[in-house]
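This report describes how one protein chain is packed and how its charged side chains pair. Please look at the sequence and the model before reading on.

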Amino acid sequence: MSFYQSLQRLLSKKKTYDLIFGIGEACSCTQALRRARLQRASYPLDWVAGSNFLGRVRLLSARFDGFLDKNDLQDTGRNNGSDSHLCHIYYNTRTSIGFNHDFPEGQSLQESYPAVRQKYDRRIARLLDNIRAAETLLIVYVETPCCQDKTSDTDILLGYKILQENFPGKNLGLLYCASDLTLRPREFSQTQLSSAVTKITANYQDKTPGLPDNAVNNPFLAHLLAVRYRLYRPFHIRIQEACRNTAIRLIPFKKLRDAMRDKYHV
């Protein structure tokens, strides 16, 4: 079998979607999708914490109504501890969502809220526009390795039903990645809960010394995604990405080059 035939055979086994995006449980979902080249933009549930699978499904289904109303934001009195982007943490009492990366430390809520609201309004509009334009879409949820709020298969199927009812006319798939630390590292299994709902159970915890218990082995998780799915990209998008990647490789300053490589997964 030629290389071309082998490549075609491999690609034919992948499910192709016009749009793939994550809804949580935390940042590791979008990080893995980006590393697998399955997500090209930031969406409202990418970089936030809290709530659970059904809670996030309902937020998406409600088109993010009440997602960031100022009156619902509660000051936690904590910051994210980041050396590069220190932010104050606010908690939405209505949605149970925590915002760890958005409100700069040292600014009052009154000062920082307008810019944060504009950012999330853009991300919400972008996602809803992308959903409207897509015929086929895959929604991905990834439990953190230390997840305490496990979702039953019944609730995963309920979540899919809610999504289907609220986005009618779409060829919609759902992928739920469940963490199981009793498995050997990188061990996994796959179950079809229905023709459109897939559950992958795996041990994708990153055991690198010094990392928290909820750290994810993103290269492994991205590999699980990349061998199963691909994102349809129009020709002009592929050309833009190729030009961007070439430009990044030619950046003469290593620190900036590495930062851009990390950002765009080049």
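Which residues does Leu60 touch, not counting residues up to four places away in sequence? Leu60 touches Phe21, Ile23, Leu127, Ile131, Ile139, Leu163 and Phe167, where contact means heavy atoms within 4.5 Å.

The model is predicted, so local features need pLDDT of at least 70 and side-chain atom pairs count only at pLDDT 80 or more, while totals for chains, interfaces and linings use all residues. Residues are numbered from 1 along each chain as its sequence is written, and side-chain values use heavy atoms, with hydrogens and water left out.

**Nonpolar cores**

A nonpolar core is a set of buried Ala, Val, Leu, Ile, Met, Phe, Trp, Tyr and Cys residues joined through side-chain atoms within 4.5 Å. Buried means under 20% relative accessible area, exposed over 50%, and partly exposed in between (1.4 Å probe, protein chains only). The largest nonpolar core has 44 residues, of which Phe21, Ile23, Leu60, Phe67, Phe99 and Ile139 touch the most other members. Elements that give two or more residues to this core include α3 (53-61), β6 (97-104) and α4 (109-133). The biggest contribution, eight residues, comes from α4. Helices (H or I, at least four residues) and strands (E, at least two) are DSSP runs, numbered from the N terminus. A second, separate core of 23 residues includes Leu33, Val142, Phe220 and Leu224.

Helix α6 (residues 218-226) has Asn218, Phe220, Leu221, Ala222, Leu224 and Leu225 as its buried residues. These pack against α2, β7, β8, β9 (188-192), β10 (197-202) and β11 (229-231). The N-terminal end of α6 is capped by Asn217, with a side-chain oxygen 3.2 Å from the backbone nitrogen of Phe220.

**Charged side chains**

Side chains of opposite charge can pair when their charged atoms come close. A salt bridge is a side-chain nitrogen of Lys or Arg within 4 Å of a carboxyl oxygen of Asp or Glu. The whole structure holds 10 salt bridges, and three of the pairs are listed here.

| Pair | Closest N to O distance |
|---|---|
| Arg34 and Asp46 | 3.7 Å |
| Asp102 and Lys119 | 2.5 Å |
| Asp129 and Arg132 | 2.3 Å |

Arg34 lies in helix α2 and Asp46 in the loop between α2 and β3 (49-50), so the pair ties together parts that are 12 residues apart in sequence. Arg34 is buried at 14% relative accessibility, and Asp46 is buried at 1%. Asp129 and Arg132 both lie in helix α4, three residues apart, about one turn of the helix. Asp129 is partly exposed at 41%, whereas Arg132 is exposed at 57%. A network of salt bridges links Asp69, Asp72, Arg94, Arg117 and Asp121.

Glu25 sits in the loop between β2 and α2 (27-35). Glu25 is buried but has no salt bridge, and the nearest side chain of opposite charge, Arg56, is 7.2 Å away. The side chain of Glu25 does reach the backbone nitrogen of Thr144, at 2.8 Å.

**Cysteines**

How many disulfides does a search of the whole structure find? The search finds zero, a disulfide being a pair of cysteine sulfur atoms within 2.5 Å. The sulfur of Cys29 is 7.3 Å from the closest cysteine sulfur, in Cys177, which is too far for a bond. For Cys146, the nearest cysteine sulfur is that of Cys147, 7.7 Å away. Cys29 is buried at 2% relative accessibility, and Cys146 is partly exposed at 32%.

Methods
Lys, Arg positive; Asp, Glu negative; His and termini not counted. Polar contact = N/O pair within 3.5 Å; in protein donor to acceptor, adjacent residues only side chain to side chain.
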